[in-house]
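Let's take a walk through this protein together, with the model open beside the text. We will begin with two backbone details and then work inward to the core and the empty spaces.

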Amino acid sequence: MDAAFTEEQDEIRRTLRTLLRERCGPDEVKAAVHAAPGYDEALWRQLARTLGLPGLALPAAYGGVGCGVTELALACEETGRVLLPSPLLPTAVFAAPLVAALGTEEQRAELLPRIAEGALTAALAVPGRALPEALGLVGARDGARNGVWDGAQAGSWAGGGRAGGVQARPDRDEGAGWRLYGQVEQVLGGHSAELLLVAARAGGYARGRTLLFLVPAEADGLVRTRLTALDATRPQARVELRDVPAELLGVDGGGSGGGEEVAEALAAVGTAAAAVLAAEAVGAADAALARTVDYVRAREQFGRPIGSFQAVKHRLADVYVAVQAARSAAYYAAWAAAQGGGAENTEAAAAGGLALAQALEAQRTAAAEAVQLHGGIGFTWEHEAHLYFKRAASDELLFGPVHRLRARAAEREGLFGAADRAPYGGHDGRGGNDVHGGRDAQGVQGAHAGQGRHDGPDGPDGRDGPRKAVAV
């Protein structure tokens, strides 16, 4: 791994930081979130046409810049620093890679150039508030099967053929078309996106599969309602689909194969998205820390700056260490994701999940300390400290929580057995990992403290080798 950034990467960071410092201060952010689309459209057009931001990670053949995950992560670190309200995350991080991975050549040629130039915004609609599950960031709520994210598991969050979710059926009147019905909550940017990528279940319960469908904003029967979100800089919407005509993204091979292909594409997008989200959270945490440091240097008590008090120094030092550690983890996750490998790149997937967990923790710590150390002014609506605090809380609700991100990374590495993945952790839900001489799932007492079950032909659960230990 080469830890040094190229001149081009440094230039992307420098140019974007300069522009956002001029155009996206706290007052501009507060004004932008009250606009109808939830962001400053003029600034978005400038970012798209001048810097090529939405097409940064798209191939040059489709009008993109031709960079990769690392450059997109660096850009999002800068947008996170100012809490930029924009359709960058739903369009460039979630939707565009799915179109590139699953779309037919005609769909890619039609949609990707418009996304790259900023003329088309898109959003990913996943039923059941299950975006982190769909992207493979966390395991399924009902438990993973051997830690594997498969097509059948994907059906659980998409409705699984049961009531709820979004259902799809062939449109007999239109021939090759489809019809969607259902409802999706918490669609990031869904109220203003000009194109929706909707995950829906086709084929019923027994032979169902999860597919992605393209739904234009002007489709008949589509009802979108902007929701009141905790973090106004990430606008969310409720999307209702009332027998809406839709176009299948890609080609349906029939059977369950299509569902597996979609699940793999979502997992690959989740690997890159975790690194990008981690970098964005690091940018927000770093900005909150910098604002707090500036304040404690200027604010005086008892005739001296409050930043000179040892207790304040220690608190800020802890935040600084957390932010720097999270930044290193985010950069490594971006590098690992850029190496390719898709859903099979388990190292990148685990690194992305752990980096996101660490970044969310650092962001939460930095935002909380910013509110506390700003004193009374930090609790006011007029100050920007509450914006960073709300971003930290919202991110963990949308993409976490942290303990599930880490549990998913542990599952990918095969660190725990089936009993350890019982509801709420531990053996059969009782908690604990049998690392201090406790009983295993079969009631066998460990011979000494720290002894766990043995994995392999001679072990009770028949896996290959002793259980690994790791600090996450």
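## From the backbone to the empty spaces

Asp243 has a relative accessible area of 33%, so this residue counts as partly exposed. That is a handy place to start in this predicted model, since Asp243 sits in strand β7, which covers residues 236-248. Its backbone deserves a look: phi of Asp243 is near 55 degrees, a positive value in a residue other than glycine.

Gln186 invites a similar look. This residue is not a glycine, yet Gln186 has a positive phi of about 55 degrees. Its place is in strand β3, residues 178-188, and with 33% relative accessibility Gln186 counts as partly exposed.

One more backbone feature is worth finding on your screen. Gly400 and Pro401 are joined by a cis peptide bond, with omega at about 5 degrees. Pro401 lies in the loop between α12 (385-399) and α13 (402-412).

Now step back to the chain as a whole. The protein chain contains 13 helices and eleven strands. Of its 472 residues, buried ones make up 53%. How far along the sequence do its contacts reach? Taking contacts between residues at least 6 apart in sequence, 68% join residues at least 24 apart.

Moving inward, we come to the largest nonpolar core, which has 125 residues. Phe94, Leu124, Leu180, Val215 and Leu241 are the members that touch the most other members. Helix α9, residues 257-298, gives this core its largest share, with 19 residues. Phe94 is a good residue to select and centre on. Beyond its neighbours within four places in sequence, Phe94 is in contact with Leu89, Leu124, Leu131, Leu135, Leu188, Val269, Ala273 and Phe399.

Val269 will turn up again shortly, as we turn to a pocket. The second largest pocket has a volume of about 480 Å³. It is lined by 28 residues, and those closest to its centre are Val69, Pro97, Ala268, Val269 and Ala272. Which helices supply at least two residues each to this lining? They include α4 (69-81), α5 (88-102) and α9. The largest share, nine residues, comes from α9. In chemical terms, the lining of the second largest pocket divides into 21 nonpolar residues, five polar ones and two charged ones.

Two of the residues closest to the centre of that pocket, Val69 and Ala272, are also partners of Ala337. Setting aside neighbours within four places in sequence, Ala337 is in contact with Val69, Thr271, Ala272 and Ala348. Ala337 belongs to helix α10, residues 310-338. Is Ala337 buried or exposed? Its relative accessibility is 14%, so Ala337 counts as buried. Look also at Ala275: Ala337 and Ala275 are 62 residues apart in sequence, while their C-alpha atoms are 7.5 Å apart in space.

Next come the enclosed spaces. Rolling a probe the size of a water molecule over the atoms shows where empty space is left. How many cavities of 30 Å³ or more are there? The count comes to four.

The largest cavity has a volume of about 190 Å³. Its lining has 19 residues, and the closest to its centre are Ser86, Pro87, Leu89, Pro90 and Thr233. Leu89 is familiar from the contacts of Phe94. The elements that give two or more residues to this lining are α4 and α5, and α5 provides the largest share, three residues. By class, the lining of the largest cavity has ten nonpolar, six polar and three charged residues.

The second largest cavity has a volume of about 80 Å³. Among the eleven residues that line it, the closest to its centre are Leu102, Leu249, Val251, Glu261 and Val262. Here β5 (209-216) and α9 are the elements that give two or more residues. The largest share again comes from α9, with three residues. The lining of the second largest cavity divides into seven nonpolar, two polar and two charged residues.

Finally, a word on the cysteines. A search of the whole structure finds zero disulfides. Cys24 has a relative accessible area of 7%, so this residue is buried. Cys76 counts as buried too, because its relative accessibility is 2%.

Notes. Residues are numbered from 1 along each chain as its sequence is written. This is a predicted model: local features need pLDDT of at least 70, side-chain atom pairs count only at pLDDT 80 or more; totals for chains, interfaces and linings use all residues. Side-chain values use heavy atoms; hydrogens and water are left out. A nonpolar core is a set of buried Ala, Val, Leu, Ile, Met, Phe, Trp, Tyr and Cys residues joined through side-chain atoms within 4.5 Å. Buried means under 20% relative accessible area, exposed over 50%, partly exposed in between (1.4 Å probe, protein chains only). Helices (H or I, at least four residues) and strands (E, at least two) are DSSP runs, numbered from the N terminus. Contact means heavy atoms within 4.5 Å. On a 1 Å grid over the protein atoms alone, a cavity is a set of points where a 1.4 Å probe fits but cannot get out, and a pocket is an open set with protein on both sides within 12 Å along at least five of seven lines; lining residues have an atom within 4 Å of a point. Grid points are joined across faces, edges and corners, and a volume is the space filled by probe spheres set on the points. Ala, Val, Leu, Ile, Met, Phe, Trp, Tyr, Cys and Pro count as nonpolar, Asp, Glu, Lys and Arg as charged, and the others, Gly among them, as polar. A disulfide is a pair of cysteine sulfur atoms within 2.5 Å.
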